[in-house]
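Please open the model in a viewer and keep the sequence panel visible. The tour below proceeds by selection, each stop stating what to pick and what is found there.

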Amino acid sequence: MAVHERFRIKTLEDLETLSKRLGLSIPFQADTTILFDNVQIGNCEAPNRFAVLPMEGFDADSKGAPQELTFRRYGRYAAGQNGLIWFEATAIMEEGRSNPRQLWINKDNIDIYKQLVDFTRDMAYKSYGSEHTPVLVLQLTHSGRYSKPTGKPAPIIAHNSPYLDPLHNLPKNYAPATDEYLDLLQDKFVEAAKLAAQAGFDGIDIK
């Protein structure tokens, strides 16, 4: 197994030197202007190729509404000139939350999600002008085996697995979700997608 080592790379030359020492063949290009090209994403156009990928912050309130830290995080992403901002995994129902502070979009908090979308776009406009409109995607999720809506494991499984069940300390007779429940999930994803559209997101991602 390779030995890990600390590194501090500040320039392209540093990276080239390190790659040669390690015997790696990595193509390099000093011209990065392509990163500022517009990119067509469905019916939207991202102003550049920089993207923020979904990473949960677990700073919602108990009902799933974004809070101060959520606004600060996405405001910073927008002010960082990113062309695509992929919002973190957001639950479609309470029992499918992976954490009691995970975002959860629902009809009772749709207004604050609208505020979050507007705030994010406003931060982009203030930093780079009205022509810089980032594409905003909301990732919708049900955590299934990893559900912990109260902070304690409360797995909801689609099937029994001899590999996964022991990892979650599930008894052999742990009951999988019913077909009716799985059908309900489809409706919940559709409902959440409609709410995301109402809030102003450009698209959704089903996790």
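A residue is called buried when its relative accessible area is under 20%, exposed when that value is over 50%, and partly exposed in between. The model on display is a predicted one.

**First stop: Ala-192**

Select Ala-192, which is found in helix α5. Its relative accessibility is 2%, and Ala-192 therefore counts as buried. Next, display the surroundings of Ala-192: setting aside neighbours within four places in sequence, its contacts are Ile-92, Ile-105 and Leu-140. Add Leu-138 to the selection and draw a line between the C-alpha atoms; Ala-192 and Leu-138 are 9.9 Å apart in space, while 54 residues separate them in sequence.

**Second stop: helices α2 and α3**

Two packed helices are described by the angle between their axes and the distance between the axes. Select residues 68-79, helix α2, together with residues 110-128, helix α3. The two pack at an angle of about 35°, and their axes are 8 Å apart. The crossing of α2 past α3 is right-handed. Which residues make the contact? On the α2 side, show Thr-70, Phe-71, Tyr-74, Gly-75, Ala-78 and Ala-79. On the α3 side, show Ile-112, Gln-115, Leu-116, Phe-119, Thr-120, Met-123, Ala-124, Ser-127 and Tyr-128.

**Third stop: the salt bridges**

How many salt bridges does the count give? The count comes to seven. Three of the pairs are visited here.

Begin with Glu-88 and Arg-73, which form a salt bridge whose closest N and O atoms are 2.6 Å apart. Glu-88 lies in strand β4 and Arg-73 in helix α2, so the pair ties together parts that are 15 residues apart in sequence. Is Glu-88 buried or exposed? With a relative accessible area of 1%, Glu-88 is buried. Arg-73 is buried as well, at 16%. Now add Asp-59 to the selection: Asp-59, Arg-73 and Glu-88 are linked in a network of salt bridges.

Move on to Arg-121 and Asp-202, whose side chains meet in a salt bridge at 3.0 Å, N to O. This pair links distant parts of the chain, with Arg-121 in helix α3 and Asp-202 in the loop between α5 and β6 (203-206), 81 residues apart. Arg-121 counts as buried at 14% relative accessibility, whereas Asp-202, at 35%, counts as partly exposed.

Then select Glu-5 and Arg-21, a salt bridge in which the closest N and O atoms are 2.8 Å apart. Glu-5 lies in the segment before α1 and Arg-21 in helix α1, so the pair joins parts that are 16 residues apart in sequence. Glu-5 counts as partly exposed, at 46% relative accessibility; Arg-21, at 53%, is exposed.

**Fourth stop: a nonpolar surface patch**

Switch to a surface view and colour Phe-7, Ile-9, Leu-12 and Leu-15. These residues make a nonpolar surface patch of about 340 Å². Phe-7 belongs to the segment before α1 (12-21), and this residue is exposed, with a relative accessible area of 62%.

**Fifth stop: two residues with positive phi**

Return to a backbone view and select Gln-81, located in the loop between α2 and β4 (84-91). Although Gln-81 is not a glycine, it has a positive phi of about 70°. Gln-81 is partly exposed, its relative accessible area being 27%.

Continue to Asn-169, in the loop between α4 (164-167) and α5 (179-199). What is the value of phi at Asn-169? It is near 55°, a positive value in a residue other than glycine. Asn-169 counts as exposed, at 69% relative accessibility.

**Last stop: Lys-148**

Finally, select Lys-148, placed in the loop between β5 (135-141) and α4. Lys-148 is partly exposed, with a relative accessible area of 36%. Leaving aside neighbours within four places in sequence, Lys-148 is in contact with Arg-97, Ser-98, Asn-99, Pro-100 and Pro-153. To finish, draw the C-alpha to C-alpha line from Lys-148 to Gly-96: the two are 7.5 Å apart in space and 52 residues apart in sequence.

Conventions:
Residues are numbered from 1 along each chain as its sequence is written. This is a predicted model: local features need pLDDT of at least 70, side-chain atom pairs count only at pLDDT 80 or more; totals for chains, interfaces and linings use all residues. Side-chain values use heavy atoms; hydrogens and water are left out. Patches are made of residues with over 30% relative accessible area and no salt bridge: like charges are joined within 9 Å, nonpolar side chains (Val, Leu, Ile, Met, Phe, Trp, Tyr) within 5 Å. Accessible areas come from the Shrake-Rupley method with a 1.4 Å probe; for residues, only the protein chains shown count as cover. A salt bridge is a side-chain nitrogen of Lys or Arg within 4 Å of a carboxyl oxygen of Asp or Glu. Helices (H or I, at least four residues) and strands (E, at least two) are DSSP runs, numbered from the N terminus. Buried means under 20% relative accessible area, exposed over 50%, partly exposed in between (1.4 Å probe, protein chains only). Axes are lines fitted to C-alpha atoms, for helices over the stretch in contact, and angles run from 0 to 180 degrees between N-to-C directions. A crossing is left-handed if the near helix is turned anticlockwise from the far one by less than a right angle, and right-handed if clockwise. Contact means heavy atoms within 4.5 Å.
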